[in-house]
Amino acid sequence: MENHEGRRRDISRIDGEKTTGSSAVLATVAAVAVAGPLVGLMSFSLVATVTLFLIVSPLILIFSPVLMAAVAILLVAVVGVGVDAVMWVLGIAALVCCGREIGVRTGVAERMVESVVRELGYGRSRYLRNK
């Protein structure tokens, strides 16, 4: 890095101090003292993970049919809930359509159809405009 005078300036010269060999050695020792335990812990974590993976791999192969059955059951349950939600929406829509076709005008049925129409967001639909 050069300044406007064309001379090279280092970070140590910005502070006004000159880097000495002993300060470089102390910085290196401090870095090793901090980074050494971290590298050791990372190495231990890697070895433990690989060891557990090697121990558990045969168990995963042994129990994979059970796991696949559990996943299949969960998948069927999720699909069932989705189909149930679609059937609910279609049932409400059929109720609204039937109410419109038979001309529900009075009583409990009209209030029920009106509330369903408003809940589904058909507030500006033909059903409520023709009333």
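## A greasy patch on a helical chain

Let's start on the surface: Leu-52, Ile-55, Val-56, Leu-59, Ile-60, Ile-62, Phe-63, Val-66 and Leu-67 make a nonpolar patch of about 850 Å². Keep in mind that this is a predicted model.

Take Phe-63, one of the residues in that patch. Where does Phe-63 lie? You'll find Phe-63 in helix α2, which covers residues 21–101. Is Phe-63 exposed, partly exposed or buried? Its relative accessibility is 47%, so Phe-63 counts as partly exposed, because that class sits between under 20% for buried and over 50% for exposed.

Now zoom out to the whole chain. It has four helices and zero strands, so if you walk along from the N terminus, the elements read α-α-α-α. Of the 131 residues in the chain, 10% are buried. The chain exposes about 11000 Å², and carbon and sulfur atoms supply 71% of that area. What about contacts with a separation of 6 or more? Residues 24 or more positions apart account for 18% of them.

How far can you trust the picture? Here are the mean confidence values.

| Part of the chain | Mean pLDDT |
|---|---|
| Whole chain | 77 |
| Helix α2 (lowest-to-highest: highest) | 86 |
| Helix α4, residues 126–129 (lowest) | 53 |

Across the chain, 69% of the residues score at least 70. Where pLDDT is low, the predicted coordinates should not be read in detail.

How values were computed:
Residues are numbered from 1 along each chain as its sequence is written. This is a predicted model: local features need pLDDT of at least 70, side-chain atom pairs count only at pLDDT 80 or more; totals for chains, interfaces and linings use all residues. Side-chain values use heavy atoms; hydrogens and water are left out. Patches are made of residues with over 30% relative accessible area and no salt bridge: like charges are joined within 9 Å, nonpolar side chains (Val, Leu, Ile, Met, Phe, Trp, Tyr) within 5 Å. Accessible areas come from the Shrake-Rupley method with a 1.4 Å probe; for residues, only the protein chains shown count as cover. A salt bridge is a side-chain nitrogen of Lys or Arg within 4 Å of a carboxyl oxygen of Asp or Glu. Helices (H or I, at least four residues) and strands (E, at least two) are DSSP runs, numbered from the N terminus. Buried means under 20% relative accessible area, exposed over 50%, partly exposed in between (1.4 Å probe, protein chains only). Contact means heavy atoms within 4.5 Å. pLDDT is the predictor's confidence in each residue, from 0 to 100.
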